[in-house]
Amino acid sequence: MGCDGGTIPKRHELVKGPKKVEKVDKNAELAAKWKYCALSQEKLKRPIVSCELGRLYNKDAVIEYLLDKSAEQPNVDAVVHIRGIRDIKELNLTDNPEWEGERRNAKGDRYEDINCGMFICPVVGLEMNGKHRFCYLQTCGCVFSDRAMKEVKTEICHKCGDPFKIEDVVVLNGTKEEVEKLREKMEERRTKAKIKKSKKSKAAEAAVSAQSESKDDTQVDVAGRSSLQNGDESSQSAVAGPSGSSVSSRSSKGSTSSTTSATKRSVQSMEEKSEVFKSLFTSHSSAKRTKDQTSNWVTHTPYHF
């Protein structure tokens with residue numbers, strides 16, 4: 001059975017107890033949230049965007065997902081709420097001067113700080129590594145620490161100067177409770193936008209219908225006026241009788257004669273025109289030939305009688 005040579009076994013070596021629950025390393029969990037994309041699990045690199053729930057993504061990965069949603073991608077549940085490019089905001093981050101990143105030649109002969117963040121708060125200087133709460137503004141995309149927002153209370157952005165409201169502040173990588181609150185705000189915002197859009201469409205339809213009705217009314221008025229005018233003219237012609245018809249015929253004849261006389265006016269009778277101008281037309285005397293200048297009629301059998 002063993003145990004030779006005076007070895008003394010312990011209880012945990014002989015009795016099998018329940019397996020211990022594997023604990024997740026907090027540092028590794030924080031690094032996965034704050035240094036890697038929530039969709040592609042690649043390292044975060046500019047341009048970095050965030051959704052309305054406060055998750056961090058690479059902009060290229062989100063665009064690829066939106067272009068082809070049918071493709072099989074890991075962690076699709078993290079971007080189900082993103083409908084389009086309007087649902088994300090590009091972050092205006094401040095680089096950490098102590099972050100070396102890939103420029104550092106890691107040979108293993110020096111201490112490497114895993115908790116060193118790539119970005120810092122531009123007001124307080126805290127590193128964005130998960131140990132401190134950070135948030136961003138939906139209006140401009142600037143990122144600050146929660147301590148800076150509490151210490152310097154203002155309604156103007158500390159970095160770019162744009163105004164904002166409390167509703168525009170979104171916590172980055174918050175807890176489950178904070179994510180649920182952000183989800184409720186997102187749904188309320190989207191429902192309000194839908195209601196506003198439906199009201200605008202109804203107003204546009206009402207305006208179009210009112211314009212069509214006004215056009216129909218104007219057309220009816222014009223038709224009524226034209227019918228009344230036609231009735232008045234017919235009544236006047238009936239009262240005038242044959243004398244009116246004869247007068248109208250005379251007037252029409254006079255008008256036709258005047259027009260024909262105006263059209264039959266020859267260029268040669270115009271005194272204001274010069275002889276050179278008149279000679280351009282065939283009606284001029286120089287264009288006419290005498291009998292001597294005209295030739296006899298010639299047929300295919302030229303017999304002379």
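Let's start at one spot on the chain: Ile85, which sits in the loop between α3 (59–67) and β3 (89–90). Keep in mind as you look around that this is a predicted model. Is Ile85 buried, exposed or something in between? With a relative accessible area of 45%, Ile85 is partly exposed. Ile85 also has company, since Ile63, Leu67 and Ile85 form a nonpolar patch on the surface. Together these residues offer about 300 Å² of accessible area.

Now zoom out to the whole chain. You'll find six helices and eight strands in it. Walking from the N terminus, the order of elements reads α-α-β-β-α-β-β-β-β-β-α-β-α-α. The protein chain has 305 residues, and buried ones make up 23% of them. Its accessible surface comes to about 23,800 Å², with 54% of that belonging to carbon and sulfur atoms. What about contacts along the sequence? Taking contacts between residues at least 6 apart in sequence, 47% join residues at least 24 apart.

Next up, the aromatic rings. A pair of aromatic rings is described by the distance of the centres and the angle of the planes. How many aromatic pairs does the count come to? It comes to two. One of them joins Trp34 and Phe134, whose rings are 6.4 Å apart centre to centre with 65 degrees between the planes, an edge-to-face arrangement. This pair links distant parts of the chain: Trp34 belongs to helix α2 (residues 26–34) and Phe134 to strand β6 (residues 134–137), 100 residues apart. Both Trp34 and Phe134 are buried. Then there are Phe277 and Phe281, with ring centres 5.4 Å apart and planes at 70 degrees, so this pair is edge-to-face. Phe277 is partly exposed, at a relative accessible area of 33%, and Phe281 counts as partly exposed with 33% relative accessibility.

Last stop: the cysteines. Count the disulfides and you get zero. Why does Cys121 not form one with Cys135? The sulfur of Cys135 is the closest cysteine sulfur to that of Cys121, but the distance is 8.6 Å, which is too far for a bond. Cys121 counts as buried, at 1% relative accessibility. Cys142 is in no disulfide either, and its nearest cysteine sulfur, in Cys140, is 3.6 Å away. To count as a disulfide, two cysteine sulfur atoms have to lie within 2.5 Å. Cys142 is buried, with a relative accessible area of 1%.

Methods:
Residues are numbered from 1 along each chain as its sequence is written. This is a predicted model: local features need pLDDT of at least 70, side-chain atom pairs count only at pLDDT 80 or more; totals for chains, interfaces and linings use all residues. Side-chain values use heavy atoms; hydrogens and water are left out. Buried means under 20% relative accessible area, exposed over 50%, partly exposed in between (1.4 Å probe, protein chains only). Helices (H or I, at least four residues) and strands (E, at least two) are DSSP runs, numbered from the N terminus. Contact means heavy atoms within 4.5 Å. Accessible areas come from the Shrake-Rupley method with a 1.4 Å probe; for residues, only the protein chains shown count as cover. Patches are made of residues with over 30% relative accessible area and no salt bridge: like charges are joined within 9 Å, nonpolar side chains (Val, Leu, Ile, Met, Phe, Trp, Tyr) within 5 Å. A salt bridge is a side-chain nitrogen of Lys or Arg within 4 Å of a carboxyl oxygen of Asp or Glu. Rings of Phe, Tyr and Trp (its six-membered ring) pair if their centres lie within 6.5 Å; planes under 30 degrees apart count as stacked, over 60 as edge-to-face and the rest as tilted.
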